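Reader: Please take me through one chain closely. I want its build and what it touches.

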Amino acid sequence: MAIISRGFSGRRSAEAGKLPPGQYLTATFPVLSAGPTPHVSLDRWEFTIDDGKDVLRRWDWKSFRSLPTETFTVDLHCVTRWSKLGTRWEGVSLDTMFADLKTDASYALVRSYGDYTTNVPLKDLMNHHAWIAFRFEGEDLAPEHGGPARLLVPHLYLWKSAKWVRGITLMLQDRPGFWESLGYHSYGDPWREQRYSSDP
Amino acid sequence: MSSQNDDYLDGNAAAGELSKIFAIDVTAAEGRCAHCGATGRFAEAHLYMQGPGVVARCAVCEQILLRFVTVRQRVFLDVRGMTYFSFKATEP
Amino acid sequence: MWRVGEVVAVRDETATARTITLEIPDWPGHVAGQHVDVRLTASDGYSAVRSYSIASAPNSKRRVEITVERLPEGEVSPYLTRELAVGDRLELRGPIGGWFVWRPEQTEPIQLIAGGSGIVPLMAMIRSRAAAGGTAPFRLLYSVREPESVWYRDELHTLSDRDHSVSVSYAYTRATPKGWPRPPGRIDAALIASTTWPSKLTPTCYVCGPTSFVESAAGLLSASGNSSDKIRTERFGPTGDRR
């Protein structure tokens, strides 16, 4: 049982707002990584959607940036317990990128430059739930925060919003990604506090 | 080969967390990277530990040596990235 | 396992660094170079853990000193350097580390290279040697921003200039003392050549500081002929949130 440190409160914001259970508000934007920041030049960047065998869609940076974009403001909830409210982004909705794509797959494995992956049910990426974001707070997304582009799926814990995203592999069956294969919850709903694989 | 950025610590920084499962000091332990075959002390591994878990990477090739997550009273350990992890034996 | 220590003394080393002396009743003892993890817990259960190298030599008094630098954006260091007071209690885990250590049984030449706060574990080694009455040849190359950033200044001066027991060289990266022969700058091959043990003496080298400093200094030691198994490193960095 830990002892209480007299006078210590940590880096927490004064106002609380409505947060998912177990979260703390932060005024900063912590940088959390499982590896070195990949540096991907825009002339080599690409984003693909494949089904494990065939590439179904491919964009290079130019064709990606010619897609219609949206600006949106969302709250971020990290499983390490910090939450950041009201963050402003610009990105391409996954509805746009999946337009007219027919698939029987129900699951997606999101892949990043480097070796990071995360799994998300396909329906959680659709219907205005997810974007490939490339601008944060009015500026180009910095490499340390996932630039040139990252996935944003803010209704799930932030580890699902893969930084340095490079593509999506459609799967018929769910397969755990990087953290999901090491004790973290397969779905990750912060409002039901689904942090770990043993959580209901 | 060195990283393009120096955002990592080293095996010394993770030794406290790893003491949850290894009763003896891991920093002096030797390991062999399963990807590139490099051997070295765990103290020299590149550690990324600010995220949901601890990730140790080979200082030569940056591939993952081990991953470690603490979930309440349980720990999850993945050492697939090492061909071996070698410690000095101690008398029980 | 977490132990509880009581703060028995605090001492400011510089305007931004403070040494905290803790008394830990069940402290098992330590070796120079080891560190402790410190855990702070707020009344609502929020907790933060940070690693600090032990600055003090092994001693029989169950006392441990750590020197903490106040980071402007830090979450824990402002608390430890400004709020924590004599009589408060701290939770610690350790001692931790078995590779980046120096024991008095080692008689070979020792080369210490410190970048900023990386001086702490190396100071423990220097103090450990003094406490044991050791005579192993020690050299320290200590890199800091400016003269006011030097920690343990008087103690290092006594050891080098009065006792001639440890040879101490300084590298100033931003501002030098008046009349300093070398312009401000980072450690380079020339400085390694002029201030460190020649590699043919096969010294054991200990390099500690921020990651980029350690990579650079270890690389220079390697390039000057020291083999990698004779170079031990410990990288410091933010273990809390970076922004």
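**Chain A, up close**

Author: Chain A has 200 residues and a radius of gyration of 17 Å, which agrees with the value near 16 Å for a compact globule. That radius is taken over C-alpha atoms, and the globule rule is 2.2 Å times the number of residues to the power 0.38. The model is predicted: local features need pLDDT of at least 70, side-chain atom pairs count only at pLDDT 80 or more, and totals for chains, interfaces and linings use all residues. Residues are numbered from 1 along each chain as its sequence is written, while chains are lettered from A and ligands numbered from 1 in the order written.

The C-alpha trace of chain A spans about 60 × 35 × 30 Å along its principal axes. Its secondary structure comes to 2 helices and 11 strands (DSSP runs numbered from the N terminus: H or I, at least four residues; E, at least two). From the N terminus, the order in chain A is β-β-β-α-β-β-α-β-β-β-β-β-β.

In chain A, 36% of the 200 residues count as buried (20 or more other C-beta atoms, placed from the backbone, within 10 Å of their own). Take the contacts in chain A between residues at least 6 apart in sequence: 60% join residues at least 24 apart. A contact means C-beta atoms, placed from the backbone, within 7 Å.

Now the neighbours. Chain A gives 16 residues to the contact with chain C, which gives 18. By class, that side of chain A has 8 nonpolar, 5 polar and 3 charged residues (nonpolar: Ala, Val, Leu, Ile, Met, Phe, Trp, Tyr, Cys, Pro; charged: Asp, Glu, Lys, Arg; polar: the others, Gly among them). Toward chain B, 16 residues of chain A meet 18 residues of chain B. On the chain B side, β5 (54-57), β6 (64-71) and β7 (74-78) each give two or more residues. β6(B) gives the most, with 4 residues.

Notes
Contact = placed C-beta atoms within 7 Å. Buried ≥ 20, exposed ≤ 12 C-beta atoms within 10 Å, placed from the backbone.
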